[in-house]
Amino acid sequence: MERKTTYRFLLVLVLILTVFYTLGLVGVVPFKVSYYITIFMIVLFVLLRWDYHRGERRE
C-alpha cells in the first residue's frame, strides 16, 4: 500500500477510535474500551515515530 493511502486509512481509524474513546469517557460504552484505545494509540504513535526515524522519511 502506498504511504499516502496508509496514512489516510490511519486517519479514518483514529477518528473512529476517538469517538469510541469519548463515548467510553462519558459512560455510554464500558471504560475498558477507552483504556484499550489509549494503549493502541500509544503503540501506533511509537511505531510511526520509529518508522520515521529509521530512515524512511517523507518523500
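Axes here are lines fitted to C-alpha atoms, for helices over the stretch in contact, and the angles between them run from 0 to 180 degrees between N-to-C directions. With that in mind, open the model, which is a predicted one, and begin with the two helices as a pair.

Select helix 1 and helix 2 together: their axes come within 9 Å and cross at roughly 155°. Angles over 145 degrees count as roughly antiparallel, and the two helices are therefore roughly antiparallel to each other. The crossing of helix 1 and helix 2 is left-handed. By class, the contact between them has 15 nonpolar, 4 polar and 2 charged residues.

Next, colour the residues on either side of this contact. From helix 1, select Arg3, Tyr7, Leu10, Leu13, Val14, Leu17, Thr18, Phe20, Tyr21, Gly24 and Leu25, which meet a set in helix 2 made up of Phe31, Val33, Ser34, Ile37, Thr38, Phe40, Met41, Leu44, Leu48 and Asp51.

Now take helix 1 alone, residues 3-26. Helix 1 has 24 residues and reaches 34 Å from its first C-alpha to its last, close to the 34 Å expected at 1.5 Å a residue. Its buried residues are Leu10, Leu17 and Gly24, and what covers the buried residues of helix 1 includes helix 2.

Stay in helix 1 and pick Leu23, which has its place there. At 31% relative accessibility Leu23 counts as partly exposed, because partly exposed residues lie between the 20% limit for buried and the 50% limit for exposed. Leaving aside its neighbours within four places in sequence, Leu23 is in contact with Val28 and Val29. A distance label drawn from Leu23 to Ser34, 11 residues apart along the chain, should show their C-alpha atoms separated by 8.1 Å.

Moving along the chain, select Gly27, just after helix 1, where the backbone takes a positive phi of about 110°.

Then go on to helix 2, residues 31-53, whose 23 residues should span 33 Å at 1.5 Å a residue; the end C-alpha atoms are 34 Å apart, which agrees. Within helix 2, Ser34, Ile37, Leu44 and Asp51 are buried, and what covers the buried residues of helix 2 includes helix 1.

Finish on Ser34, which is placed in helix 2. Is Ser34 buried or exposed? At 1% relative accessibility, Ser34 counts as buried, since buried means under 20% relative accessible area. Which residues does Ser34 touch, not counting residues up to four places away in sequence? Show Phe20, Tyr21, Gly24 and Leu25 around Ser34, as these are the residues that Ser34 touches on that count. One further distance can be drawn from Ser34 to Thr18, 16 residues apart in sequence, and the separation is 8.8 Å in space, C-alpha to C-alpha.

Conventions: Residues numbered from 1 in each chain as written. Predicted model: local features only at pLDDT ≥ 70, side-chain atom pairs only at ≥ 80, totals over all residues. Heavy atoms only, no water. Helix = DSSP H or I, 4+ residues; strand = E, 2+ residues; numbered from the N terminus. Expected span 1.5 Å × (residues − 1). Buried < 20%, exposed > 50% of the residue type's maximum accessible area, 1.4 Å probe, protein only. Contact = heavy atoms within 4.5 Å. Parallel < 35°, antiparallel > 145°, perpendicular 65-115°, else oblique. Left-handed = near helix turned anticlockwise from the far one by under 90°. Nonpolar A, V, L, I, M, F, W, Y, C, P; charged D, E, K, R; others polar.
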